[in-house]
Amino acid sequence: MALDSIFSELPDPQSHSFPSYSIPEGDPVMPIAVTRAELSTLLSLYDDFASVDPTGIDSNPFLAATSKYLQQTFGTTLHRPDEQLHDDIAALLNDFSDDLGGRDLGVVDATPKHHQTLYFFLTSCKGYHLAPHIRFDPDESAVETLYDVYERVTEQEFYLKRPETVLE
């Protein structure tokens, strides 16, 4: 499947909303099947994604010097806009890897936060790929794997991982 056709299947960010998982009786999870190969593919895509600098600070010495000057002068912090997303993706991959253990195939518990992270990972891949000033050409099969995992999470009903009873 071509990248454009994968990206065209994503919900529009302007009108997309996430379901409410706020349940006071436990932790909602969507159990999905994941293979070790899929997890390795997602890790490879994440490595490619994390190496992209959407701000251009790393490749533009003038912009880097200006940013450093503003940081020193005004005490502002300099951070990339996608740092939180990188942290969230790394946490997702670690959680899935922990759930999978050493097995080649297993069931992982996708949380509502994982659902959001997968969506933002996909839309950011699309944005990076379509942006003319960013050169990001991800492997089509890796993006397709990411979309497949995202689709499994969205299609799965949620369950309570640690349900609390009414009597407690």
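**Close-up views of a predicted model**

**Figure 1. D47 counts as partly exposed, with 45% relative accessibility.** This is a predicted model. Why is D47 called partly exposed? The label fits because its 45% falls between the limits of 20% and 50%. D47 sits in helix α2, which covers residues 36-50. Together with D4, D48, D139 and E140, D47 makes up a negative patch on the surface.

**Figure 2. The whole protein, for orientation.** The predicted protein has 168 residues, and 36% of them count as buried. How many helices and strands are there? The protein contains six helices and three strands. Read from the N terminus, their order is α-β-α-α-α-β-α-α-β. About 10,000 Å² of the protein is exposed. Carbon and sulfur atoms supply 53% of that area. Now take the contacts between residues at least 6 apart in sequence. Of these, 84% join residues at least 24 apart.

**Figure 3. A salt bridge joins R152 and E38.** The two side chains meet with N and O at 2.4 Å. R152 belongs to helix α6 (residues 140-155) and E38 to helix α2, so the pair ties together parts of the chain that are 114 residues apart in sequence. Are the two partners buried or exposed? E38 is buried, with a relative accessible area of 16%. R152 counts as partly exposed, at 25% relative accessibility. The cut-off explains the two labels, because buried means under 20%. A search of the whole structure finds two salt bridges. The next view shows the pair D88 and K113.

**Figure 4. D88 and K113 form a salt bridge.** Their closest N and O atoms are 3.2 Å apart. D88 lies in helix α4 (residues 83-100) and K113 in helix α5, 25 residues away along the chain, so the pair links distant parts of the chain. D88 counts as buried, at 16% relative accessibility. K113 counts as partly exposed, at 43%. What separates K113 from V29 in sequence and in space? The two are 84 residues apart along the chain, and their C-alpha atoms are separated by 9.7 Å.

**Figure 5. T117 is a buried residue of helix α5.** Helix α5 covers residues 112-130. The relative accessibility of T117 is 4%. T117 counts as buried because 4% is under the 20% limit. Which residues does T117 contact, once neighbours within four places in sequence are left aside? The list is L85, D88, I89 and L92. One of these, D88, is also a partner in the salt bridge with K113.

**Figure 6. F120 is a partly exposed residue of helix α5.** The relative accessible area of F120 is 38%. What does F120 touch, not counting residues up to four places away in sequence? F120 touches F18 and L85. F120 and L85 are 35 residues apart in sequence. In space, their C-alpha atoms are 7.6 Å apart. L85 is also among the residues in contact with T117.

**Figure 7. Y69, L70 and F74 form a nonpolar surface patch.** How much accessible area do the three residues have together? The total is about 350 Å². F74 belongs to helix α3, which covers residues 61-74. Is F74 buried or exposed? F74 is exposed, with a relative accessible area of 59%. That label follows because exposed means over 50%.

**Figure 8. V107 lies in strand β2.** The strand covers residues 105-110. V107 counts as partly exposed, at 49% relative accessibility. Why is V107 not called exposed? Its 49% does not pass the limit, because exposed means over 50%. Leave out residues up to four places away in sequence, and V107 touches P31, I32, A33 and D99. V107 and F96 are 11 residues apart along the chain. Their C-alpha atoms are separated by 8.8 Å.

Terms used:
Residues numbered from 1 in each chain as written. Predicted model: local features only at pLDDT ≥ 70, side-chain atom pairs only at ≥ 80, totals over all residues. Heavy atoms only, no water. Patch = residues over 30% accessible without salt bridge, like charges linked within 9 Å, V, L, I, M, F, W, Y side chains within 5 Å. Areas by Shrake-Rupley, 256 points an atom, 1.4 Å probe, with all protein chains shown as cover. Salt bridge = Lys/Arg side-chain N within 4 Å of Asp/Glu carboxyl O. Lys, Arg positive; Asp, Glu negative; His and termini not counted. Charge placed at Lys NZ, Arg CZ, Asp CG, Glu CD. Helix = DSSP H or I, 4+ residues; strand = E, 2+ residues; numbered from the N terminus. Buried < 20%, exposed > 50% of the residue type's maximum accessible area, 1.4 Å probe, protein only. Contact = heavy atoms within 4.5 Å.
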